[in-house]
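Here is a short report on one protein model. It moves from a covalent link to the cores, a sheet and the charged pairs.

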Amino acid sequence: MAAALLLMGAAAPGRAQQAPAAGEPLKLETVVVSANRRIEKLEDVPQSITVLGEEYMQRNNVREFNDIVNLTPALSISVGTQVGTNSINMRGIGTTSNNLGIEGDIAVIIDDLPYAQPQQAFKDQADVARVEVLKGPQSTMFGKSAIAGAVVMTTKPIGAGPMKTNVSLFRSSDDEYRATAALSGRLSDDVAMRLFASKTNFPGLLNNLTTGRKQNGSGGKSFVTKFLWKVNSDVDVMVTPQYDHSLSTGNTAAITSIDPGVGYLYNKAYTALSNTEVLRGITPSPTNRDIRNDSPSGLESTNRGVGVRVNYQFPERTPLAGHALTSISSVVKNLSNDFRDNDNIDLVSTFYQLNHAGKPSGINAKAEINGTSDSKTSTQEFRLTSPDEGQLRYLVGLWFARNSLFRTYYRGNPFVKETNFTNYETSSSNLNRALYANGSWEFASRNTLTAGVRLNRESNNYMFHTIDSLSSSAPNNIHTGENMYVAPQHDENGITGKLAYTYHFTPDVMAYGSAATGRKGVAYDMTSGANNVNVFKRLPLAAETADSFELGFKANLWNNRATFNAAAFRTRFHDYQTSATERFSDGSQASVLYSIPALQTKGFEADTTVLLTRELQLNASLAFTRATILNWTQGPCYSGATDCTVPNALVPGAFLRDASGGGMPNAPKWKLSTGAEYRLPQGMLPFRTAFNVQWRTQSRVQGAISQDPSLNRPGYGIVDLGASMSDDKGKYKLSVGVKNVADHHYASGNVGSFLNFKKTSGPDIKSLGWQPARDAFRYFTVRLDAAF
């Protein structure tokens, strides 16, 4: 694999933003990272890291987190039934549950400030200059929600000179637009600021014939500000207020096929719900984009926050001369509304409406979901950092964080027997205190040890209040009524650490071996499955833990005109927390939180850079991953499974299946991104011209942890082309592109069951659907950037 990459001239994406000018040495630009909470060269950090630079992200039209995933082989996304249930996966591992009582496995951090919930990442990534994808457990440096990895984003810095303005306008042939503006620079010798604003919108790829609107789009508006005050030669203060509002109308599937010989898409055998009525104007096909929904689907989210960073540089002639003491404080509030058309049609599909004449006025006949989450995260960090020079470099830190979350949830219709009505509210709070340290010791020539440790103390509690619920299996629409459960406060301590050894063959070539542990705290079930009294009898799920080993090689070659980075890894997870379906003694079933005894992910990653000539740069990165379930004897059954022979430990007479050996969902075995940029020799022309091509491909994926084969998605390959023209002074740049040149159609989720219903006799009614990815159809782009 490494040889193939070298032959292709693969490249680390963060490299060589601009070609060296004539007369300058031909070499790649230095890439720096902050994985150890200090700025270091990528080649000096003993761990696998992918870096996306500003120029590379601009060339590939990066706007949302999904765009980052497309360019990073180690990342993938599991698409749920709602946008709020999407999860981020690293090396095939990620939390697949929308639950206030459980944290994600992948931490997302922007300018040292973490997101409280994974869903906060699914929005515009505004004013981002660099993205670092840190693979494997990162709990030691970034806390308990980074057990499988972390994505660290850095926004653009304040300009060092006088105030300047940058404006960017983007338009696509499928009606996406973006408009951004930034004002940045110094107001005086001691005060500087950066103001950024953006407005974006993509209507979507699906056509809702009922409303005349598009579906599965996204967009929003963002305001990012930075104010820097240099108090004196030793102290500076940075204040960063931020605001963003986003709306994603995604996670809706369009029907592609219906089982042959079935008379009705729905099981009721009512004329009002015949295929002719349900699919008015819709022709099922593999690339169908028409739907009929009477309720909207999506996620509307608002973030408001502010961060304050105070940095004190110890002066000379003091015991800590050269050290820096940093205080980082933040408060972030998020308000999200997650909503969905729960029956995917625009007709009245309820038992009550079809069988009772004279319905009461004001009754909502729509089968819909509406859930609101309100969260507040407050953090405080103190960090002491040693000078960058010397044989021993270290930092120590104190971390405090308090998360408070409140959620209300409504699904279905209170008069429905068939659609599982539920209405509840729940709250959760947790307090984390941590002491961490990290250091590198060059104990001998060419030999370095890097070690870190984190001591964490977590306290959490929750409340679950069922206002009312109704199972589809309940006879005669019997409601369960009101229930209240308040969990006692839970306190626990956790320790994580990492250790790495590095050997430098030369100053530019090194090899390393590392070990790391990760830990995520206990989890509580706080979803609609908790309506069942069996759930209330449970204790919190055990803490999730991980241990990881990695061997790597990094090299600068050909007088810094080429780099090569490679790593082999193996990580095991114990008591992995996820959602699965269980059956209870009352005959009901629910998706509740589950603990899988053991998982494993192992594989190989590589990326290189080759600057062949002053004009030509080639790029690629590869990940080969095997993410598997090692031990899960109490796995859920799926429709059509023939091996459900394992006795259910909770329900005598009921059976589950042994899912040991199965693959993790949305974890491609291999994923590759490669491309090239060619800059025309300028000669006497007053402008610079460049052409680029990018190809990304991945293998098939398993669609669900249940191992349901109908949810599998095939692999795909996408080719993008682009060109740009800019003036000598960099004031103007015009870029054009063609995305998905071959018009290859592929899905991001929901390939498999679309609507499944049981009939009173005969075969079940089954249909299939798909959710097309953002670039599942060819489109064209144009972008104008101006600086003045």
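The count of disulfides in this predicted model comes to one. Cysteine 637 and cysteine 644 form it, with their sulfur atoms 2.0 Å apart. Cysteine 637 is partly exposed, at 31% relative accessible area. Cysteine 644 is partly exposed too, at 23%.

**The whole protein**

The protein has seven helices and 40 strands. It counts 788 residues, and buried residues make up 55% of them. About 32300 Å² is exposed, and carbon and sulfur atoms supply 58% of that area. Many contacts reach far along the chain. Among contacts between residues at least 6 apart in sequence, 69% join residues at least 24 apart.

**Nonpolar cores**

Which residues have the most contacts inside the largest nonpolar core? They are Phe65, Val131, Met153 and Met664, in a core of 40 residues. Methionine 664 touches residues from several stretches of the chain, leaving aside those up to four places away in sequence. Among them are Gly92, Ile93, Tyr576 and Leu599. Ala627, Thr628, Ile629, Gln702 and Ile705 are also touched by methionine 664.

Another core lies apart from the largest one. This other core has 17 residues, including Ala35, Ala107, Ile109 and Met141.

**A five-stranded sheet**

Next comes a sheet that holds some of these core residues. Five strands form an open sheet, in the order β3-β8-β9-β6-β7, with mixed pairing. Which strands stand at the edges? They are β3 (49–53) and β7 (113–114). Each has a single partner strand, so one side of each is left without a neighbour in the sheet.

Strands of a sheet pair through backbone hydrogen bonds, either parallel or antiparallel. Both kinds of pairing appear here. Strand β8 (residues 128–135) runs antiparallel to β9, and seven bridges join the two. Valine 131 has methionine 153 of β9 as its bridge partner. Val131 and Met153 are also both named among the residues with the most contacts inside the largest core.

On the other side of the order, β9 is followed by β6. Five bridges join β6 to β9, and these two run parallel. Strand β6 (residues 106–110) also runs antiparallel to β7, joined by two bridges. Isoleucine 109 takes part in both pairings. Its bridge partner in β9 is valine 152, and its bridge partner in β7 is proline 114. Ile109 is also one of the residues of the 17-residue core.

How many of the seven residues of strand β9 (residues 149–155) are buried? Six are, so β9 is largely enclosed by the rest of the structure.

**Charged pairs**

Side chains of opposite charge can pair when their charged atoms come close. The structure holds 35 salt bridges. Three of them are set out below.

| Pair | Closest N to O distance |
|---|---|
| Arginine 774 and aspartate 174 | 2.8 Å |
| Aspartate 547 and arginine 570 | 3.1 Å |
| Aspartate 175 and arginine 171 | 3.6 Å |

Take the salt bridge of arginine 774 with aspartate 174. Arginine 774 lies in the loop between β39 (765–772) and β40 (779–787), and aspartate 174 in the loop between β10 (164–172) and β11 (177–186), so the pair ties together parts that are 600 residues apart in sequence. Is each partner buried or partly exposed? Arginine 774 is partly exposed, at 21% relative accessible area. Aspartate 174 is buried, at 18%. The line for buried is drawn at under 20%.

Both residues belong to a network of salt bridges. This network links Arg63, Glu64, Asp124, Asp174, Glu176, Arg178 and Arg774.

Aspartate 547 forms its salt bridge with arginine 570. Aspartate 547 sits in strand β28 (residues 544–557) and arginine 570 in strand β29 (residues 562–583), 23 residues apart. Aspartate 547 is partly exposed, at 23% relative accessible area. Arginine 570 is partly exposed as well, at 26%.

The last pair in the table joins aspartate 175 to arginine 171. Aspartate 175 counts as partly exposed, at 39% relative accessibility. Arginine 171 is also partly exposed, with a relative accessible area of 41%.

Technical notes. Residues are numbered from 1 along each chain as its sequence is written. This is a predicted model: local features need pLDDT of at least 70, side-chain atom pairs count only at pLDDT 80 or more; totals for chains, interfaces and linings use all residues. Side-chain values use heavy atoms; hydrogens and water are left out. Two strands pair if DSSP finds at least two bridges between them. Helices (H or I, at least four residues) and strands (E, at least two) are DSSP runs, numbered from the N terminus. A salt bridge is a side-chain nitrogen of Lys or Arg within 4 Å of a carboxyl oxygen of Asp or Glu. Buried means under 20% relative accessible area, exposed over 50%, partly exposed in between (1.4 Å probe, protein chains only). Contact means heavy atoms within 4.5 Å. Accessible areas come from the Shrake-Rupley method with a 1.4 Å probe; for residues, only the protein chains shown count as cover. A disulfide is a pair of cysteine sulfur atoms within 2.5 Å. A nonpolar core is a set of buried Ala, Val, Leu, Ile, Met, Phe, Trp, Tyr and Cys residues joined through side-chain atoms within 4.5 Å.
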